[in-house]
Amino acid sequence: MTTPTTLFDKVWDAHEILRSESGQSLLWIDRHFVHEGSFHAFNKLHERQLAVARPDQTFGIADHYVPTLTRRLDAIEDAKVRGMIEQLADNTRRHGITLFGLDDPRQGIVHVLGPEQGLTQPGLLMVCGDSHTSTHGAFGCIAFGIGASEVAHVLATQTLWQSRPKKMRLTVEGELAPGITAKDIALTWISRLGADGARGYAIEYAGSAIRSLSMEARLTLCNLSIEGGARCGMIAPDDTTFDYLRGRPFAPEGEPWEQALAYWQTLKSDDGAHFDREVTLTAADIAPTVTWGVSPEEALPIDGRVPDPAAQHEVGKARQLRDSLDYMGLTPGQKLTDIAIDRVFIGSCTNARLEDLRAAAAVLRGHRSKVPGIVSPGSTQVKYQAEAEGLDTVFIEAGLEWRESGCSMCVGMNGDLVPAGERCASTTNRNFKGRQGPGARTHLMSPAMVAAAAVAGRLADVREL
Amino acid sequence: MEPIKIIDALACPLPLANVDTDQLIPARFMKEPRSVGYGRFLLHDLRHDGEGRPVADFILNHPQAAQAKTLVARRNFGAGSSREAAVYALVDYGFRCVVAPSFGDIFASNSVNNGLLPATVSEEDAEALLAALGDAPAVLNVDLESQHITVGELSVTFDITPTWRTKLLNGWDDIDMTRQHAVEIERFATRYASSCPWLATEPSQLIARG
Ligand code: SF4
């Protein structure tokens with residue numbers, strides 16, 4: 001009898017080349033995505049005159065800086081922004097790396113594009129110089145974000161040194177109430193455990209509520225693992241996974257597909273496998289959730305009220321609460337549904353897949369948004385599919401802007417910014433101070449909840465619409 | 001990379017929790033080449049008000065802050081974005097060590113790769129250190145060999161992953177270390193490719209299915 005093993009350990013062990021005396025593993029990397037921000041790493045490589053070890057397993061994606069009003073490079077006014085996109089094209093060309101560039105019909109946000117193109121597959125070890133790389137774990141692979149020095153290391157060697165993290169199983173049992181999404185599950189667990197609550201752990205999401213999630217929803221859930229501090233998040237692959245993957249451009253076909261499938265079906269935690277920590281949520285307890293503060297842990301069910309620092313006994317925590325409320329321009333005790341918003345953003349690798357756009361459009365259909373806003377599909381393919389279904393018309397008729405795909409207002413690197421002092425209901429992943437622009441105030445929520453906020457002109461409960 | 005053994009210099013108190021990497025360096029500065037020096041971008045939007053004027057009572061605007069080599073903060077320091085630029089900003093400003101009760105995972109490994117020591121202390125010890133520093137830079141001693149931090153009479157221990165400690169003590173670089181294992185890597189890659197033949201990356205068609 002072999003010892004029962006977790007899904008995480010199975011995938012890790014399959015990639016371990018060797019272990020150092022101090023216990024670090026040298027891991028083989030299957031897929032490496034680079035984006036415009038990876039220029040520091042390419043510069044390091046050039047300084048040392050090193051080649052890219054495996055250009056065939058490296059993929060370039062233009063997403064962080066791409067404009068959402070045009071697909072033409074020469075139409076970008078900011079020379080520095082244009083330079084970032086050109087630099088990625090130069091670096092990938094020079095090293096023979098496939099590029100999904102600005103005008104490629106496959107272009108999209110890296111964490112939307114990878115799954116969509118079938119590059120993301122069960123059992124792989126995937127990295128990218130972007131913290132939301134945890135998204136890809138939805139397929140039962142180990143996927144995590146790395147810094148520029150590590151990007152340079154992977155480019156040069158196709159390997160990475162890592163210490164094996166502890167394992168946490170986050171089980172959600174039961175049935176989610178109508179209108180409750182993966183975003184609500186994520187904001188709920190992060191608000192309970194804290195933004196560093198899963199630090200040092202790899203999470204495996206399990207339980208009947210997780211099994212019933214679509215592939216898109218699983219991607220949203222794993223995407224947000226990093227917001228709870230986890231190294232990565234993963235879900236054992238099942239028929240939902242295989243059905244999604246079959247027929248994708250980079251997915252195996254014929255005999256190789258059958259071989260892969262036989263392996264993928266072994267990728268689950270054995271009965272009795274040991275987890276260092278178990279957390280359980282009851283699906284029925286999860287309500288539509290929004291953030292009110294400046295960290296994803298500062299989240300509450302929509303029928304709640306802004307917390308009161310005076311009720312907080314710990315001095316440090318009370319001070320932090322006051323600081324968050326001050327930045328967000330909120331009054332203690334205020335009802336969340338009384339918070340008026342200035343604009344909305346529907347986009348980002350967290351919530352801009354077809355299912356997300358459908359959910360937002362379903363709420364907006366036949367209504368006008370009381371505030372301006374942008375809708376940026378997660379990929380150019382998602383954009384085409386949404387247009388084929390007429391979702392673009394729904395957004396435009398509601399008064400929102402239908403844009404091209406990119407990171408856009410999630411991080412504002414391309415110039416799509418929330419003006420200082422304005423309040424934005426957003427489907428993104430970070431409500432940090434200044435994340436959507438200096439002085440911008442962000443409230444995170446699901447696409448349907450953003451649509452409800454647009455219609456109401458304030459934070460609103462989608463269940464009441 | 002310059003090895004670290006003892007850092008005996010001024011330390012800045014930054015009594016904030018959740019100082020994420022978006023705050024450490026706002027995204028709009030990340031288009032700049034490293035050669036411009038990232039120190040001026042460090043905590044830019046906390047250091048300056050809406051009109052770009054320095055905020056008088058912010059610690060990094062203290063006349064002695066520029067000589068500091070250690071920063072002491074509250075929990076979850078460096079959470080969020082994987083941007084190594086956050087570490088460049090700290091290092092270019094002059095910091096060699098950050099002390100906090102917890103760090104963002106990716107931030108911590110980025111730090112070590114740039115010779116910046118992420119020293120983990122308990123919440124109580126972080127509070128004690130912050131109290132000992134007060135509201136101005138003060139002398140603080142970090143000893144990486146014995147894993148102790150000392151301010152005046154106060155001495156506390158800190159945690160660091162053993163591999164990271166070794167790397168920092170020796171100023172080692174990962175790429176050099178890894179290249180010594182070229183043969184093992186090659187052997188692994190060959191065996192791996194034959195056991196997972198479906199991993200070749202030729203797309204079967206150019207556009208995703210609808
Ligand atoms: S959409 Fe936002 S979170 Fe996702 S990759 Fe782009 S910048 Fe990062």
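**The interface between chain A and chain B, and helix α10 of chain A**

In this predicted model, 80 residues of chain A and 61 residues of chain B take part in the contact, where contact means heavy atoms within 4.5 Å. The size of an interface is often given as the accessible area lost when the parts come together. Here the area buried between chain A and chain B (accessible area, 1.4 Å probe, lost on being put together and summed over both) is about 5700 Å², of which carbon and sulfur atoms give 56%.

Across this interface, 8 salt bridges are found, each being a side-chain nitrogen of Lys or Arg within 4 Å of a carboxyl oxygen of Asp or Glu. One of these joins Arg48(A) to Asp173(B), with the closest N and O atoms 3.2 Å apart. On the side of chain A that touches chain B, helix α5 (residues 148-157; helices are DSSP runs of H or I with at least four residues, numbered from the N terminus) gives the largest share, 7 residues. The residues of that side comprise 32 nonpolar, 24 polar and 24 charged, with Gly counted as polar and Asp, Glu, Lys and Arg as charged.

Within chain A, helix α10 (residues 254-264) has Trp257(A), Ala260(A), Leu261(A) and Trp264(A) buried, that is, under 20% relative accessible area (1.4 Å probe, protein chains only). These residues lie on the same side of α10(A) because they cover an arc of only 100° around the axis, taken from the directions from the helix axis to the C-beta atoms. The buried residues of α10(A) pack against α9 (239-245) of chain A.

Residues are numbered from 1 along each chain as its sequence is written, and chains are lettered from A in the order in which they are written. Local features need pLDDT of at least 70 and side-chain atom pairs count only at pLDDT 80 or more, whereas totals for chains, interfaces and linings use all residues, and side-chain values use heavy atoms, with hydrogens and water left out.

Terms used
Buried area is the accessible area (1.4 Å probe) that two parts lose on being put together, summed over both. Helices (H or I, at least four residues) and strands (E, at least two) are DSSP runs, numbered from the N terminus. Buried means under 20% relative accessible area, exposed over 50%, partly exposed in between (1.4 Å probe, protein chains only).
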